[in-house]
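Please look through the model below before reading on. The paragraphs after it lead from the chain as a whole to single residues.

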Amino acid sequence: MVIKKTIVKKIATSIWIAIGVGAIVLLVAAIKRKDAQHCSGMSITIEGVNNNFFVDKKDIANAIALVVGGSVTGKAMSAFDLKKLEIALQKDVWVKTSQLFFDNNNKLVVKVTEREPVARVFTTAGTTFYIDSSLAMLPLSEKFSARLPVFTGFPSDKAVLSPQDSALLKDILTVSMAIQKDSFNMAMIDQVDITSQRIFEMVPKIGNTIIVFGDATDVAAKFYKLQLFYKEVMVKTGWNKYSEINVQYNGQVVAKRKGAEDKSIDSLRTLQLMQAIAENTERLSNDSLHMITADNENNTTNADLVQQSIQRDDEPEGRANDKPAPSIVSVAKPAAVTKPPVALMPKPASMGVKKPVVAKPAGTVARPKPAVVKPAIRPIVKPKAVLPKPVAKPQVKNPGNEY
């Protein structure tokens, strides 16, 4: 009985050993058979991408072809070193992770996770780079330019940052993610400046206001106060009433109105503009006088000639004993040019010319209305018939508009 049990045990042991050996043989045969098979193609998937594509499938395929020495289709599966291919793909700065394997159809499956930038940073030295969610500093790409919050004034462009700069870069990530989280902030904030005190000042896209944001603490509360101020105050007072909006204080918003210095700057610019206009008007007036005096040497100082010409032109036949017309100041007198804004008005009184009184002279009832009632518009009605052609015509054509 004991002998039978021993024999049964030996038989069972032999059977299990045979099964194990058979399984090993089959497994080795399957592996050899699979290695002898050929790659039927390649499937590439890029993950971790929202709207930015800094690496594409063509870049991945070219990198794999460079390692395996050509196209992967038709190559023996045993020729692929998948670990080596993964390391080669991760050498691309925009590739965060990579995973390669063969599926049941002998197709090479490539899964790549791309780094996605979250902010663009400009340094004080003039260089620029992106950062992703892991604070990796990424170079610019020729393929795509991301629409991201822009930060200026970062104090370092070194690959290895100091602890202070690393903390500041982390604050940039926090503020940038908060801006991108809300469409109002993305539409309102144009750029974020980093001051020498390492705090943030934001420049809005509308208006000339500076938003003092402070550091990256309580970011959500600060943006809430900013949105509330814009919706409740700025829409009523206008976009340019305040020069500064400070939201870094707890539970309040401090807004600074544009001070007297802003108004004085505007007033100074206005005065400079008016002075330039006055100088230009005086120069044009002097040029006009020079053109008139070139006709005749007696043309600028003989005021009696102008007076006599006006009298002869305004006197009707048979009324030679009427009161003569008042004298008119010669156009060569430069005093009227000193106030160009007033001289441009069509009023003879502003030119320093005494208003003629020939319109309604004392003691005259039936005298016809002369042409000098509106001297600024047309003081002389018939200059060509009375005045000499080279002298009188330019003097009395329109004395009110010489300036």
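What follows describes the overall make-up of the chain, then its sheet, its nonpolar cores and a few individual residues.

The model shown here is predicted. Its protein chain contains 11 helices and 12 strands, and of its 403 residues 32% count as buried. If one takes the contacts between residues at least 6 apart in sequence, 55% of them join residues at least 24 apart. The accessible surface of the chain amounts to about 25,000 Å², and carbon and sulfur atoms account for 57% of that area.

Turning to the strands, nine of them make up an open sheet with mixed pairing, in the order β6-β5-β4-β7-β8-β9-β10-β11-β12. The edges are taken by β6 (137-138) and β12 (254-257), and because each has a single partner strand, one side of each is left without a neighbour in the sheet. For β12, the pairing with strand β11 (residues 242-246) is antiparallel and runs over four bridges, and within this part of the sheet I245 stands opposite A255 in β12. Strands of a sheet pair in general through backbone hydrogen bonds, in either a parallel or an antiparallel sense.

The interior can be followed through its nonpolar cores. The largest of these has 34 residues, and those with the most contacts inside it are I131, F154, I172, V175, F200 and M202. Helix α4 (residues 163-181) supplies the largest share of this core, namely seven residues. A second core, separate from it and made of 24 residues, includes I60, I64, Y130 and L148. In the largest core, the surroundings of I131 can be spelled out: leaving aside neighbours within four places in sequence, I131 is in contact with P117, V118, A119, V121, A136, L169, I172 and L173. In soluble globular proteins, nonpolar side chains tend to be buried together.

Two further residues show how burial is assigned. Is N185 buried or exposed? N185, which is found in helix α5 (residues 183-188), counts as buried because its relative accessibility is 3%, where the cut-off for burial is under 20%. Not counting residues up to four places away in sequence, N185 touches A178, I179, F223 and Q227. I7, by contrast, lies in helix α1 (residues 2-35) and has a relative accessible area of 44%, so I7 is classed as partly exposed. Together with I11, I15, W16 and I19, I7 forms a nonpolar patch on the surface, and these residues have about 540 Å² of accessible area together.

Note on methods
Residues are numbered from 1 along each chain as its sequence is written. This is a predicted model: local features need pLDDT of at least 70, side-chain atom pairs count only at pLDDT 80 or more; totals for chains, interfaces and linings use all residues. Side-chain values use heavy atoms; hydrogens and water are left out. A nonpolar core is a set of buried Ala, Val, Leu, Ile, Met, Phe, Trp, Tyr and Cys residues joined through side-chain atoms within 4.5 Å. Buried means under 20% relative accessible area, exposed over 50%, partly exposed in between (1.4 Å probe, protein chains only). Helices (H or I, at least four residues) and strands (E, at least two) are DSSP runs, numbered from the N terminus. Contact means heavy atoms within 4.5 Å. Patches are made of residues with over 30% relative accessible area and no salt bridge: like charges are joined within 9 Å, nonpolar side chains (Val, Leu, Ile, Met, Phe, Trp, Tyr) within 5 Å. Accessible areas come from the Shrake-Rupley method with a 1.4 Å probe; for residues, only the protein chains shown count as cover. A salt bridge is a side-chain nitrogen of Lys or Arg within 4 Å of a carboxyl oxygen of Asp or Glu. Two strands pair if DSSP finds at least two bridges between them.
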